[in-house]
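Please find below a colleague's note on this entry, set out point by point. It is meant to be read with the sequence and the coordinates open alongside.

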Amino acid sequence: MIHGGDTLTYKDYYKGELIDYSSNINPLGPPQGLYEKLIEGFSSLNSYPDIHYRKLKASVADYLNCKIENVMVGNGAVELINNFIMEAKRVLVFTPAFAEYGLRAQVHKKELVSLPYNNKFEIDPNILGEKGKKGDLLILGNPNNPTGLRIDKDRLLQIYRLVKDREAYLLLDEAFFEFCPKDYDSIELFKDDGYKNVGIIRAATKFFGLPGIRLGYACAAQNKVDQLRRIELP
């Protein structure tokens, strides 16, 4: 699937109501009280927001339990994925995966290396040991879209060590994190290592039922945040 819903293209082919199954959005809808906050904010629409998004980043840091200097925000998770890809030499993806990983790699003319899952849709770290190179960006959905499977904690740490040994970078797309069991939190898992060689992306889209807000956010090492700030759109 291409990112986002597109019922309007197909509305003339069918009679009656179209049901959009293209996105896995929380059926309970947005948090209580949000609509009132949005209405209160209408008066600020005639001004540009703070270009550094200080209040937003502080809120994200509080929610993720990380430092504000480790936070970056984007126009949805895809803008953040795009920026990480821009700075990579090659992009490694285990397929099937979210289509935008490959599409963004093509846009930026990056070599795309597609790797296979095993017959249980699990990652074999040995493949990474064979294929990984310095400067690679390995993007993993955690849990993955479309399989819905989450990476086991020990396997994830093994993958991370391999990525570090190769002087590559691990990007975890955790857009569905809040739907997962509370067995581990990647933000906490990599905190002691200062998020070296790893970035964790999450978003308001799925669990909070806010695809129209376009809010993605990520936690990464401060030097990576500073690096991507130089190329991000204002």
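The points below take up the sheet, the nonpolar cores and the salt bridges of what is a predicted model.

1. The sheet is open and has seven strands in the order S1-S7-S6-S5-S4-S2-S3, with mixed pairing. Strands S1 (71–75) and S3 (111–116) stand at its edges, and each has a single partner strand, so one side of each is left without a neighbour in the sheet. From one strand to the next, the twist averages 25 degrees.

2. Within this sheet, strand S4 (residues 136–141) and strand S5 (residues 169–173) pair in the parallel sense over five bridges, and Leu138 stands opposite Leu170 in S5. Helix H3 (residues 76–86) lies across several strands, including S1, S4 and S5, and runs at about 115 degrees to S1.

3. The largest nonpolar core has 38 residues, of which Leu138, Leu140, Ile159, Leu170 and Tyr195 touch the most other members. Helix H6 (residues 153–165) supplies the largest share of this core, namely five residues. A second, separate core of 23 residues includes Val93, Ala105, Ile139 and Ile201.

4. Which residues does Leu140 touch, not counting residues up to four places away in sequence? Its contacts are Phe94, Ile123, Ile151, Ile159, Leu170, Leu171, Leu172 and Asp173.

5. The structure holds 14 salt bridges. One of them joins Asp193 and Lys164, with the closest N and O atoms 2.9 Å apart; Asp193 lies in the loop between helix H7 (186–189) and S6, whereas Lys164 lies in helix H6, so the pair ties together parts that are 29 residues apart in sequence. Asp193 counts as partly exposed at 33% relative accessibility, and Lys164 counts as partly exposed at 28%.

6. Are the partners Arg202 and Glu174 buried or exposed? Both are buried, and their side chains meet in a salt bridge (2.8 Å, N to O). Because Arg202 lies in strand S6 and Glu174 in the loop between S5 and H7, the pair ties together parts that are 28 residues apart in sequence.

7. A salt bridge within one helix is formed by the side chains of Arg229 and Asp226 (2.8 Å, N to O), which both lie in helix H8 (residues 222–229), three residues apart, or about one turn of the helix. Arg229 is partly exposed at 37% relative accessibility, and Asp226 is partly exposed with a relative accessible area of 27%. Elsewhere, salt bridges that share partners join Arg90, Glu111 and Asp136 into one network.

Notes: Residues are numbered from 1 along each chain as its sequence is written. This is a predicted model: local features need pLDDT of at least 70, side-chain atom pairs count only at pLDDT 80 or more; totals for chains, interfaces and linings use all residues. Side-chain values use heavy atoms; hydrogens and water are left out. A nonpolar core is a set of buried Ala, Val, Leu, Ile, Met, Phe, Trp, Tyr and Cys residues joined through side-chain atoms within 4.5 Å. Buried means under 20% relative accessible area, exposed over 50%, partly exposed in between (1.4 Å probe, protein chains only). Helices (H or I, at least four residues) and strands (E, at least two) are DSSP runs, numbered from the N terminus. Contact means heavy atoms within 4.5 Å. Two strands pair if DSSP finds at least two bridges between them. Axes are lines fitted to C-alpha atoms, for helices over the stretch in contact, and angles run from 0 to 180 degrees between N-to-C directions. A salt bridge is a side-chain nitrogen of Lys or Arg within 4 Å of a carboxyl oxygen of Asp or Glu.
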